Amino acid sequence: MPSSPSLQTTLLDCMPPLAIRAYTATTALGRGRAAQLDALRARRGGLRPNDFGSRDFGTAALDTWIGRIDGLEDTALPAEYAAWECRNNRLAWLALQQDDILDTVAAMRDRHGATRVAIVLGTSTASIGETEDAYARLDDGAFPADMARPNVHTPHSLGGFVQQATGLRGPCVTVATACSSSAKVFAQAARLIQAGVVDAALVGGVDTLCGSVLFGFNSLGLVSSAPCRPFDSARDGLSLGEAGGFAVLERTPDRAGRGGEEGLQLRGYGESSDAHHMSAPHPEGLGARLAMGDALARAGITAGDIGYLNLHGTATPANDAVEARAVAALFPDTLHASSTKGWTGHTLGAAGIVESVFALLALEHGLLPGTLHSSTADPACGAQIRFDNAQRRIDHAMNNSFGFGGNNCSLVFGRA
Amino acid sequence: MSSLSATIEGIGFWCNGLPDWPAARAYAQGAGLPDDAPARPSPQVLAPNERRRAPESVAVALEVALAACLDAQQSPATLASVFASTHGDLAITDYMCSTLVEDPRALSPTRFHNSVHNAAAGYWTIGNRCVRATTAISAFDASFAQGLLEALLQLAAGEPAVLLVGYDTASPGPLAPISHSEGTLGGALVLSGAGHIGKPRLRATLVDGNVQPARGALARLAAGNAMAPMLPLFDALALGDDAALLKAGPGRVLRVEIAHG
């Protein structure tokens, strides 16, 4: 057995900060970021007993709790986008309507030109729910005519739809690295802007409930029959959720990020691989520590500068113990770190953008969420893991997103 | 946009009938198909039992990735990587959707975790004990061009060398007429920012335009595979051509100029 890869010390240059011109999330807590802030502040969770089935799974339906978004079944896409119809693109469209995202995108397009604004979106399941439905309705072995739309039965369904809906002509990519997808979009967009390929980017992610993820995570024994309890010693699995969110990033006026303007910024990113197992984290959190360390280095700050850390915190027994140990190894006890998955469920490919939005809300409003449904901390938890909300001004926030395949991404946000 | 550039340190290739880059290059230059080509890739990164069980998409991606690293004389553990696939593993999609109709509780946990688009990226980093960043992307028929762009961006951001892999597999069952893809195809490049005598150097620029149907030998041989849009670059590399055009999105093209070392 070869020895474990060691933690490398990397010497990374600081990245030029990027301005965040708009940001939003739509989750089981509601539509737009005011709904997120209200529910986080009131500690009002969005999970409900599983009632999902775009078709009837009958007696096979799972005894679990889900973070479902109301109203998606009743809101068709505008007729001009009918070819893109599916639950995932409906949620994308709903999320795009919130918090001035489309107006901000239009302003970027006018300011820089359509080819100078990129689209980088994350998803894990894309619109496989639509493909599942087509298989349930096969007509003599073939997709029914209304489902035979090649653009939606493929991972780039989300990117292709948003490209058409925004009229942007810059690079358009769907990142699909499981549950780190819509965190990594910030890193790829930062590279596109830094290299001068574009001047601004629409980033984000959308993932919707479907049979594949409900029964898939169930097959791995990772789904709880109760609302998930991240970092609790009695936690027994995750609750699945669906969500969509977006942010608009723009080059800052000068490389140092100054320019006389106030506002939120992307300050750093770190990406790594566990090199360990397809669906279990590295036991010492090697990849998590590399990702967090690189994000801090690119931001040019130290661990003590982070005021809030939104953890991946899925409430599976393995993830939370490993992540808690990795956090305890890197951060002082004064850090306020929490998992918000008790509010929203694990939104998979959308977790990166949703929890980046929560980190940005912490920066903007000083609301540091705790951890919902959890009461007795796992022995692996250091003083950093908090169950209660707190209210104080912070200067930097971090978000962790880790996915199958050992794919990790950490982001650092700050303000100008 | 300003152009992005890189040296091509190594090349890997596999398609039905052409099991490596030397055979593919010879075929592009007018030679025939080898007689003894294996029916399936056999990626040495995986242990023998995993090699047999690996999804076809993982097998071809890891086969060409390792070949490119060997050609480049680069250790896989040191490289950041970009995996581009139009559809991911269509056979697993077909299995998942069929099983959900027949008996959802019977879903295989292994096939579920293999259904993620970054399965090949995961097996690659696990098999090589590589802790560097890896990503998995799709951009429909622009997937390879967007993957190449991301690899070049990582070089521009300071990575010394980056592995790029493009691959797709056959579309089975009811998906076949919807998500078109035939056979198995993979191509890989190890790209570096340094210049090396004797190695081709490429320069890429995004421009408006549309790509004409490709006429190269490789492009015609594997035309039915969803990753075929990458083949104009591999035909150009084989023939020593000085440019290739890759579809980069609706009405957009990645123009790749090649200086042969």
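**How chains A and B meet, and two spots to visit**

In this structure, 61 residues of chain A are in contact with 55 residues of chain B (contact means C-beta atoms, placed from the backbone, within 7 Å). Several elements of chain A each supply at least two residues of the side that touches chain B, among them helix 4 (128–136), strand 6 (172–175) and helix 8 (286–299); helices (H or I, at least four residues) and strands (E, at least two) are DSSP runs, numbered from the N terminus. This is a predicted model, where local features need pLDDT of at least 70, side-chain atom pairs count only at pLDDT 80 or more, and totals for chains, interfaces and linings use all residues. Residues are numbered from 1 along each chain as its sequence is written, while chains are lettered from A and ligands numbered from 1 in the order in which they are written.

Now look at strand 6 of chain A: 2 bridges join it to strand 3 (residues 134–138) of chain B, and the two run antiparallel (strands pair if DSSP finds at least two bridges between them). Here A:Val175 stands opposite B:Ile137.

Next, stay within chain B. Helix 1 (residues 21–28) and helix 9 (residues 231–239) of chain B pack at an angle of about 80 degrees, with their axes 9 Å apart. These two helices are therefore roughly perpendicular to each other (65 to 115 degrees).

Finally, find A:Ser374, in the loop between strand 13 (367–368) and strand 14 (390–391) of chain A. A:Ser374 is buried, with 27 other C-beta atoms within 10 Å (buried requires 20 or more). The C-alpha atoms of A:Ser374 and A:Phe231 are separated by 7.0 Å, although these residues are 143 apart along the chain.

Conventions:
Axes are lines fitted to C-alpha atoms, for helices over the stretch in contact, and angles run from 0 to 180 degrees between N-to-C directions. Angles under 35 degrees count as roughly parallel, over 145 as roughly antiparallel, 65 to 115 as roughly perpendicular and the rest as oblique. A residue is buried if 20 or more other C-beta atoms lie within 10 Å of its own, exposed if 12 or fewer, and partly exposed in between; C-beta atoms are placed from the backbone.
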